[in-house]
Structure formats: structure tokens, C-alpha cells
Amino acid sequence: MTFISPKTDFAFKKIFASQESKPILISFLNALVYHNQPLIQDLEIIDPYQSSPLPILKDSFLDVKAKLSNGSLVIIEMQVLQVESFARRVLYNATKAYSLQLGKGEGYRYLKPVIALTITDFVMFPEHNQIISNFKLREETTNISYIENHLELVFVELPKFEKQLEELDQLDELWMYFLKNAPSLETVPPQMAQLPEFQQAFGIASEANLSRKDLEELGKREMFIHDQQGLVIFAEKQAKQEIAQQLLPLLDNETISQTTGLPVEEIEKLRED
């Protein structure tokens, strides 16, 4: 069997945002937001497109948006590419989802909490090795929570997750492994095969169950991601070469290689040129 990568926005939405995906999404949120506790029993998957009636506010797409039974909103974004001001975009989407709850003339008492779950295929917080990070409003000195702590930001950094299949024993670990490794699997792992939500998720992610149109759309999204990643690598290499050029009159080849990360052979070629 061949499985598509859940990390592309097209596949992520197909797996987690379809109306039949409710059991999958409930399990996913209980694992990653509520620390493997079955606190969510039901939810409503809604249109993730956030449209503002005010022309000065940008519209934005999310990957998944759901309303929990207590009225809380959960917005989910899977981000593969590290782009400029991404952290601000997360805040923008969370606060926008919060403010758009009210209709004209409705009071603030009708506002419900918003949880923004962001899964990244890059490291956002290099200062620690924690995979799942949870942010809420707290007072700086006393560390007490804000009276109405209605905004919660949860980040899952997939590159930090390095456990192997035989090491998995928690639901959140199974979901992170699924996100990171599904395309490299040929069968559903036994730990997941016994859970109905994973059976369903792998069924949706199976290429055999996708239409030709779906596969074409997925191919376009994956090609775009590969192209963008290639541009980033090219830009980084150019920057390193420029630094190396400046260091040529000052340092030997080995030291320049250690400083820039470029191979010694490439430094020698730059010196010859």
C-alpha cells in the first residue's frame, strides 16, 4: 500500500476536515491539545475559511476549523515551509477567529475560547527540545492566568519528534508518527491498526482510494513545496558562498569550510576562480 503525506495542506484537510473525519479529528485533538485525555466527546467541523465583513481585514484560509460541544473553537494549520512572519500569522488567525464570533450588536459575553493548533515541519523554538508547546496569557511576575484566558496557542514541531515505531506508547506519539512517516509505510502499523480512528485515517490517506483528480491536485501541491524548498536551499548556499568569498583573503580553506559549512573542495574552487 502507498499512503499520501498528511503534511501537504490538501491531504491534511482531506484526512482531518471531511465530515466523515469527525472520529479522526476528535482523537487527534484529544492527543495533541489535551495530553491524551478523552476530554472531547463531540465536535462540529465547519468551513475553515475566515471571511471578514470589514475590507481592511485580510481573509485567510485555515486547514481545519471545528467547534467543540462547549462552544470553544479550534483552528488547525499544518505548515511545511518556514515563511516570513509566520508566528505573527498564527496570532492573526487566532485573534481573528476570536473576534469573528460576534455578530452586529452582540455582547462580549457570547465570546468563546479559541485554541490555535499549529503543526510545523520546521523548528520554531530552537531554545528547547520540547515537541509540544502550549502558550496562554499569564502575568509576568506572579505567573497567574488572565481572568478570561480565551486564547491558547499550541505548537507541534515535527522535526523534534524522533521516536521509532517500536517506541510509541502514547496516542500523541502515534499521531505525530503518522504525520511524519505515513508516506514511508507500506502497511498500517499494528499499534495503529487496532484503533478505529487510525484505520480510517490510513484509509483516506491510501492512494488507492483517491481519484485521479485528487492525485493530480496532490502532485501540484507537493511540487510547489519542493520548488519552494529548493529556492530556500539555493538562497542559503548563495549566502554561504558570499561569506566565503569575503573570508578568502583572511582565513585558510579548512577554517572557511568550518565557518560556512561549505565543503573544502568548493572553497578551493572559489579561490581558484
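# Group meeting: sheet, helix packing and strand E5

In this protein, residues 24 or more positions apart account for 58% of the contacts with a separation of 6 or more. Before I go on, please keep in mind that what you see is a predicted model.

Some overall figures. The protein has 273 residues, and 41% of them count as buried. Its C-alpha trace spans about 70 × 50 × 40 Å along the principal axes. The accessible surface comes to about 16,000 Å², with 53% of that belonging to carbon and sulfur atoms. For secondary structure, the count is nine helices and eight strands.

Let me start with the sheet. Six strands form an open sheet in the order E1-E4-E5-E6-E8-E7, and the pairing is mixed. At the edges are strand E1, residues 43–46, and strand E7, residues 132–136, each of which pairs on one side only. From one strand to the next, the twist averages 20°.

Now the pairing, beginning from the E1 edge. As a general reminder, strands of a sheet pair through backbone hydrogen bonds, either parallel or antiparallel. E1 and strand E4, residues 64–68, run antiparallel and are joined by four bridges. Within that pair, Ile 45 stands opposite Ala 66 of E4.

Moving one strand along, E4 and E5 also run antiparallel, again with four bridges between them. Here Lys 67 is opposite Leu 73 in E5. The two strands form a hairpin with four residues between them, and in that hairpin Gly 71 takes a positive phi near 95°.

On to the next pair, E5 with E6. What is the sense of the pairing between E5 and E6, and over how many bridges? The pairing is parallel, over seven bridges. One of the partners to look at is Thr 118 in E6, which bridges to Glu 77.

I would like to stay with E5 for a moment. All of its residues, seven of the seven, are buried, so E5 is largely enclosed by the rest of the structure. In a regular strand the side chains alternate between the two faces of the sheet. In E5 both faces are covered. On one side the buried residues are Leu 73, Ile 75, Glu 77 and Gln 79. On the other side they are Val 74, Ile 76 and Met 78.

Take Met 78 as the example from strand E5. Its relative accessible area is 4%, and since buried means under 20%, Met 78 counts as buried. What does Met 78 touch, leaving aside residues up to four places away in sequence? The list is Pro 6, Lys 7, Phe 12, Asp 63, Ile 119, Thr 120, Asp 121 and Leu 158. For a sense of distance across the model, Asn 253 lies 175 residues from Met 78 along the chain, and their C-alpha atoms are separated by 41 Å.

Next, helix H2. It packs on the sheet, where H2 touches E1, E4, strand E5 (73–79), strand E6 (114–120), E7 and strand E8 (151–157). The direction of H2 makes about 110° with that of E1.

H2 also has a helix partner. Two packed helices are described by the angle between their axes and the distance between the axes. For helix H2, residues 22–32, and helix H6, residues 196–205, the axes come within 9 Å and cross at roughly 115°. The crossing of H2 past H6 is left-handed. Which residues make the contact? From H2 they are Pro 23, Ile 24 and Ser 27, and from H6 they are Glu 197, Gln 200, Ala 201 and Ile 204. Sorted by class, this contact of H2 with H6 has four nonpolar, two polar and one charged residues.

Last, two loop residues with backbone angles to point out. His 35 is in the loop between H2 and E1. Its phi is near 55°, a positive value in a residue other than glycine. Is His 35 buried or exposed? At 54% relative accessibility, His 35 counts as exposed.

The other one is Asn 143, in the loop between E7 and E8. Phi of Asn 143 is near 65°, also positive in a residue other than glycine. With 49% relative accessibility, Asn 143 counts as partly exposed.

Conventions:
Residues are numbered from 1 along each chain as its sequence is written. This is a predicted model: local features need pLDDT of at least 70, side-chain atom pairs count only at pLDDT 80 or more; totals for chains, interfaces and linings use all residues. Side-chain values use heavy atoms; hydrogens and water are left out. Axes are lines fitted to C-alpha atoms, for helices over the stretch in contact, and angles run from 0 to 180 degrees between N-to-C directions. A crossing is left-handed if the near helix is turned anticlockwise from the far one by less than a right angle, and right-handed if clockwise. Contact means heavy atoms within 4.5 Å. Ala, Val, Leu, Ile, Met, Phe, Trp, Tyr, Cys and Pro count as nonpolar, Asp, Glu, Lys and Arg as charged, and the others, Gly among them, as polar. Two strands pair if DSSP finds at least two bridges between them. Buried means under 20% relative accessible area, exposed over 50%, partly exposed in between (1.4 Å probe, protein chains only). Accessible areas come from the Shrake-Rupley method with a 1.4 Å probe; for residues, only the protein chains shown count as cover.
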